[in-house]
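Pull up the sequence and the structure side by side, and let's walk through them together. We'll go one chain at a time and then look at where the two chains touch.

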Amino acid sequence: MATRQGRRYSTKSGTSVKTRGDFLESTPRGRVAIVNQAAAARSGRAFYNVSARGESAVIGVNHSPITYLLQGEIKPGWTVVKPLLLTVERDEHGDFVYSDDRFNIYGEGPTQSSALADYIVSLVEYYDLLAARADADQCTDSVFSYLAQYLRHVSA
Amino acid sequence: MPYKPNEIEAKLQDKFGFTKAGTHSSDHRWYELKLPGLPTVLTKVAHSREPISAKIESKMARQLRVRHPFFKGMMDCNKSNDDYRRQVREDPYPPFDVIIIS
């Protein structure tokens, strides 16, 4: 299945699609019902079987990656001092995935905000894990120093 | 073939020598591997009963410093512990951002 039961997804045109039995959009000619989700998202594109007025067709919905610039205070005491470029994607379950190519951190969730929150938690945990190991290991200290150029922890 | 988080965790620990790295979150765990002369390898595994998506597999592969097909080989038992260590030393992907002076 391309998506999980009960999830709702936005398309480029701002309409929303859901699982079997729900409606893609209302039109003057009636409603277009999704009868099945035909295939998993591949190459950033998901396909759905839809039917209306007795006719059916397959439509494609783009799930192309977009980017997000993370900067400023991301949680109390934690500030991204150098902008960090994140990629926002959808996986084949329909979940959102935020990730960066600099530290290889990712966050996932059923909504954009939950995925971003998971990313932020993971980034801070990664910082803490590196910090705890940096003193004993010069190589890890180098990675930690690099991360510290982007993320600062200000103790209250 | 999709992999469940507990299967990945078992493989990382039992076959590749990763250990739990202490975490603060209830919905995922971190695992670490220290190889001499390299920065600590850290990877995050989400807690879920469902198989992880291919997208997340590719993100984990990057954290492990290998390409996605290599990661699948690790999980499918086509890649040994020695293969993994050699790969991370000789051709890490993505490369480590810091210069390692050995």
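A quick word on labels before we start: helices and strands here are DSSP runs, numbered from the N terminus, with at least four residues for a helix and at least two for a strand. With that in hand, you can find A:Gln149 in the loop between helix H2 (138-148) and E11 of chain A. Keep in mind throughout that this is a predicted model.

Let's stay with A:Gln149 for a moment. Is this residue buried or exposed? A residue counts as exposed if 12 or fewer other C-beta atoms lie within 10 Å of its own. A:Gln149 has 9 other C-beta atoms within 10 Å, so this residue is exposed. Now look across to A:Ala57, which is 92 residues away from A:Gln149 along the chain; the C-alpha atoms of these two residues are separated by 51 Å.

Zooming out to the rest of chain A, you'll find two helices and eleven strands. Reading along the sequence gives β-β-β-β-β-β-β-β-β-β-α-α-β, and E11(A) comes after the loop that holds A:Gln149. Of the 156 residues in chain A, 30% are buried. As for contacts in chain A between residues at least 6 apart in sequence, 26% of them join residues at least 24 apart.

How far should you trust what you see in this chain? The average pLDDT of chain A is 77, and 63% of the residues score at least 70. Two stretches call for some care. Over residues 1-23 of chain A, pLDDT stays under 50, and the model has 43 contacts beyond four places in sequence for that stretch. Residues 35-43 of chain A also keep a pLDDT under 50, and there the model has 25 contacts beyond four places in sequence. Where pLDDT is low, the predicted coordinates should not be read in detail.

Now for the strand pairing, with strand E8 (residues 78-90) of chain A as our guide. Strand E7 (residues 66-75) of chain A pairs with E8(A) in the antiparallel sense, over eight bridges. To see one of these pairs, find A:Tyr68, whose bridge partner in E8(A) is A:Leu86. The two strands form a hairpin with two residues between them, and A:Gly77 in the turn has a positive phi of about 90 degrees.

Following the chain onward from E8(A) takes us to strand E9 (residues 96-100) of chain A, which runs antiparallel to E8(A) and is joined to it by five bridges. Here A:Leu86 turns up again, standing opposite A:Asp100 in E9(A). E8(A) and E9(A) form a hairpin too, with five residues between them, and A:Gly94 in that turn has a positive phi of about 95 degrees.

E8(A) has one more pairing for us to visit, and it brings back E11(A). Three bridges join E8(A) to strand E11 (residues 151-153) of chain A, and these strands run antiparallel. The place to look is A:Thr79, which stands opposite A:Arg152 in E11(A).

On to chain B, which has four helices and three strands. Along the sequence they follow the pattern α-β-β-β-α-α-α. The radius of gyration of chain B is 13 Å, close to the 13 Å that the globule rule gives for 102 residues, so chain B is as compact as a globular protein of that length. Its C-alpha atoms fill a box of roughly 40 × 30 × 25 Å along the principal axes. In chain B, 31% of the 102 residues count as buried.

The strands of chain B are quick to trace. Strand E1 (residues 19-20) of chain B pairs with strand E2 (residues 28-33) of chain B in the antiparallel sense over two bridges, and B:Lys20 stands opposite B:Tyr31 in E2(B). E2(B) also pairs with E3(B), again antiparallel, over six bridges. One pair to look for there is B:His28 with its bridge partner B:Ala46 in E3(B).

Finally, what happens where the chains meet? In this model, 22 residues of chain B are in contact with 22 residues of chain A. On the chain B side, the elements that give two or more residues are strand E3 (41-46) and helix H2 (54-63) of chain B. H2(B) provides the largest share, six residues. By class, that side of chain B has ten nonpolar, seven polar and five charged residues.

Note on methods
Residues are numbered from 1 along each chain as its sequence is written. Chains are lettered from A and ligands numbered from 1 in the order in which they are written. This is a predicted model: local features need pLDDT of at least 70, side-chain atom pairs count only at pLDDT 80 or more; totals for chains, interfaces and linings use all residues. Two residues are in contact if their C-beta atoms, placed from the backbone, lie within 7 Å. Ala, Val, Leu, Ile, Met, Phe, Trp, Tyr, Cys and Pro count as nonpolar, Asp, Glu, Lys and Arg as charged, and the others, Gly among them, as polar. The radius of gyration is taken over C-alpha atoms; the globule rule is 2.2 Å times the number of residues to the power 0.38. A residue is buried if 20 or more other C-beta atoms lie within 10 Å of its own, exposed if 12 or fewer, and partly exposed in between; C-beta atoms are placed from the backbone. pLDDT is the predictor's confidence in each residue, from 0 to 100. Two strands pair if DSSP finds at least two bridges between them.
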